[in-house]
Amino acid sequence: MADDSDLERTEPASPRRLEQAREEGDVPRSRELATCTVLMAAGIGMWVFGESMMRPLQRLLVAGLSFERAQAFDPELLLAGLAARLGEVLLAFAPLAVLLLVVAVGSPLLIGGWLFSTKSLQPNFGKLNPMKGIGNMFSANAAMELAKAIGKTILVGAVAWMVVSSQIDAVMGLGVESIKNGTAHLGHILLVSFLSIVGALVAIALIDAPYQMWHYANKLKMTREELRQEAKESDGNPEIKAKIRQQQREMARRRMMSEIPNADVVVTNPTHYAVALRYADGKMRAPQVVAKGADEVAARIREIAKENNVPLLEAPPLARALFRHAELGDEIPEALYTAVAEVLAYVFQLRIYRQQGGARPNAPTGLEVPPELDPLNPLNTSGQAPANGVMQ
């Protein structure tokens, strides 16, 4: 059941999937919306610019049906007059043409936005597969397009019938009107009828546009397996990344362990924490933490220290404070200078004892650690949790 659910397209398309589809020229489009906006703009443009466009047409018609005596003997004069009238007509129709151009170019912004893709222009011989074409003919999308076409025909036809039926008396009355008034009245009837029929397309566009967006989103849905595969490709395989992080930790640990033989002392908890310190007089401003660890890492630090004769000092409060507040490779906190100085003094005395003999120095006890630096001190009110979650 889990495998079946992973193969079902139930997840919304990822941003990367949407971007890939856009690069391939696949965006949601509504032809009904584009057609409706252009036709509506044409009707409104005729309403606004109609009178200014009719006058040049009238002059062109008059110029075509009448001419002066001189033009009868000189056809060039007749052609020049017609060209001038035609230029006036084109100039009068320019605002409408510009309006339609702007609407046609801007209509894609309503759904899908502008898109310039060369991939959609590349030949795709898979589209020539007749079996695939037959399958598309009987698909759910084809059935929806057929239903939409039938519905559009019925709706537009019904609206056209109602509009024409309501204008029959007005059309019949045009015969008793003067030519000027009848022409103006006829233009008004045609424009109103046109806008009414186009208005029916608005209802179709309001249904088609949401459907096209839903269909596009549903077409690009992904399976859970595809989402996981995409995450691996974009972010890297989590298993590989985990192995890389593990290897990095191992390398860092090996580098840290290689510094322990050069340490001056290892301060322990005594069993749960171990911090190795090194101090070079004249080269360092303060002692430096060269290694630290908890539990198994702490045991390994103590083991390497014993193998290399690095002194071990049990000082639980100091070990906890160093482990909690000193990062690897950093100098110890200034508040621990006094306690660490006593430790280093003991280490130097122990080094002299090993070289020259004599009385063995006593390990320092009761090292002063500020309460705010010891996570287990009852006076510590910082509320900070231990580095590994548990302090022993």
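Q: In which strand of this predicted model is Lys292 found?
A: In this predicted model, Lys292 is found in strand 3, which covers residues 288–294.

Q: Why is Lys292 said to have no salt bridge, and which side chain of opposite charge is nearest?
A: The nearest side chain of opposite charge is that of Glu327, 4.1 Å away; a salt bridge requires a side-chain nitrogen of Lys or Arg within 4 Å of a carboxyl oxygen of Asp or Glu, so Lys292, although buried, has no salt bridge.

Q: What makes the approach of the Lys292 side chain to the backbone oxygen of Phe323 and to that of Ala326 count as polar contacts?
A: The side chain of Lys292 reaches the backbone oxygen of Phe323 at 3.0 Å and the backbone oxygen of Ala326 at 2.9 Å; the cut-off for such a pair of N or O atoms is 3.5 Å, and therefore both count as polar contacts.

Q: Which residues does Lys292 touch, not counting those up to four places away in sequence?
A: Lys292 touches Met256, Ala274, Val275, Val297, Ile301, Phe323, Ala326, Glu327 and Leu328.

Q: How do you know that the span of helix 7 agrees with its number of residues?
A: Helix 7 has 27 residues (140–166), which at 1.5 Å a residue should span 39 Å, and because its end C-alpha atoms are 39 Å apart, the two values agree. The buried residues of this helix are Lys148, Val159, Ala160 and Val163.

Q: What are the helix and strand percentages of residues 188–211?
A: UniProt, in an unreviewed entry, lists residues 188–211 under "transmembrane region", and in the model this span is 100% helix and 0% strand.

Technical notes: Residues are numbered from 1 along each chain as its sequence is written. This is a predicted model: local features need pLDDT of at least 70, side-chain atom pairs count only at pLDDT 80 or more; totals for chains, interfaces and linings use all residues. Side-chain values use heavy atoms; hydrogens and water are left out. UniProt positions are given in the numbering used here, feature names are shortened, and annotations may be inferred rather than shown by experiment. Helices (H or I, at least four residues) and strands (E, at least two) are DSSP runs, numbered from the N terminus. The expected span of a helix is 1.5 Å times one less than its number of residues. Buried means under 20% relative accessible area, exposed over 50%, partly exposed in between (1.4 Å probe, protein chains only). Lys and Arg count as positive and Asp and Glu as negative; His and the chain ends are not counted. A polar contact is a pair of N or O atoms within 3.5 Å; within protein, one must be able to donate a hydrogen and the other to accept it, and residues adjacent in sequence count only if both atoms are side-chain atoms. Contact means heavy atoms within 4.5 Å.
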